[in-house]
Amino acid sequence: MSRTTFSIEYLGRDLVVSGYYDPAENEVRYYEDGSGYPGCAESLELDTIKLNGRNIIGLLSGFTQNEIAEKCLTTKNQY
């Protein structure tokens, strides 16, 4: 898990988003003992969402925070 910062545009506003990023982990079909691991998708746990230098994360619904996190991950994967 690493701390990461993104600059994105959301609904016409420039936001600076910080959080903790976990990269995706690949599936492992079988270990030697017969078990496996299904893997997991990448994730971003939001810490701050700044608009004009002010942290507004507490003002945003969980749905909006999830949309912003998804936009950050999509932006990251474009490079």
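Which strands do the buried residues of α1 pack against? In this predicted model, they pack against β1, β2 and β3. The path to that answer starts with the sheet and then moves to the helix and the core.

The sheet is open and has four strands in the order β1-β2-β3-β4, with antiparallel pairing. Its edge strands are β1 and β4 (54–55), each of which pairs on one side only. Strands of a sheet pair through backbone hydrogen bonds, in a parallel or an antiparallel sense.

Strand β1 covers residues 2–10 and strand β2 covers residues 13–22; the two run antiparallel and are joined by nine bridges. Within this pairing, S2 stands opposite Y21 in β2. The two strands form a hairpin with two residues between them. In that turn, L11 has a positive phi of about 50°.

On to the pairing of β2 with β3. These strands are also antiparallel, and eight bridges connect them. Here V16 is found opposite K50 in β3. Helix α1, residues 62–76, packs on the sheet and touches β1, β2 and β3. The direction of α1 makes about 100° with that of β1.

The helix itself has 15 residues. From its first C-alpha to its last, α1 reaches 21 Å, close to the 21 Å expected at 1.5 Å a residue. Its buried residues are T64, I68, A69, C72, L73 and T75.

Between helix and strands, what does the nonpolar interior look like? The largest nonpolar core has 15 residues, and those with the most contacts inside it are I8, L15, V17, L44, I49 and I68. Each of β1, β2, β3 and α1 supplies at least two residues of this core. The most comes from α1, which gives four residues.

Two of these core residues can be followed in detail. V17 lies in strand β2. It counts as buried because its relative accessibility is 0%, and buried means under 20%. Leaving out residues up to four places away in sequence, V17 touches T4, T5, F6, I8, L46, T48, I49, I68 and C72. One of these contacts, I68, is 51 residues from V17 along the chain, yet the C-alpha atoms of the two are separated by 8.3 Å. The other example is I8. Apart from its neighbours within four places in sequence, I8 is in contact with R13, D14, L15, V17, I68, K71, C72 and T75.

A41 offers a contrast. This residue is in the loop between β2 and β3 (43–51). A41 counts as exposed because its relative accessibility is 60%, and exposed means over 50%. A41 and I57 are 16 residues apart along the chain, and their C-alpha atoms are separated by 23 Å.

The last feature is a charged pair. A search of the whole structure finds one salt bridge. It is formed by the side chains of R3 and D47, with an N to O distance of 2.9 Å. The pair links distant parts of the chain, as R3 is in strand β1 and D47 is in strand β3, 44 residues apart. R3 counts as partly exposed, with 45% relative accessibility. D47 is partly exposed too, with a relative accessible area of 32%.

Methods:
Residues are numbered from 1 along each chain as its sequence is written. This is a predicted model: local features need pLDDT of at least 70, side-chain atom pairs count only at pLDDT 80 or more; totals for chains, interfaces and linings use all residues. Side-chain values use heavy atoms; hydrogens and water are left out. Two strands pair if DSSP finds at least two bridges between them. Buried means under 20% relative accessible area, exposed over 50%, partly exposed in between (1.4 Å probe, protein chains only). Contact means heavy atoms within 4.5 Å. Axes are lines fitted to C-alpha atoms, for helices over the stretch in contact, and angles run from 0 to 180 degrees between N-to-C directions. A nonpolar core is a set of buried Ala, Val, Leu, Ile, Met, Phe, Trp, Tyr and Cys residues joined through side-chain atoms within 4.5 Å. The expected span of a helix is 1.5 Å times one less than its number of residues. A salt bridge is a side-chain nitrogen of Lys or Arg within 4 Å of a carboxyl oxygen of Asp or Glu.
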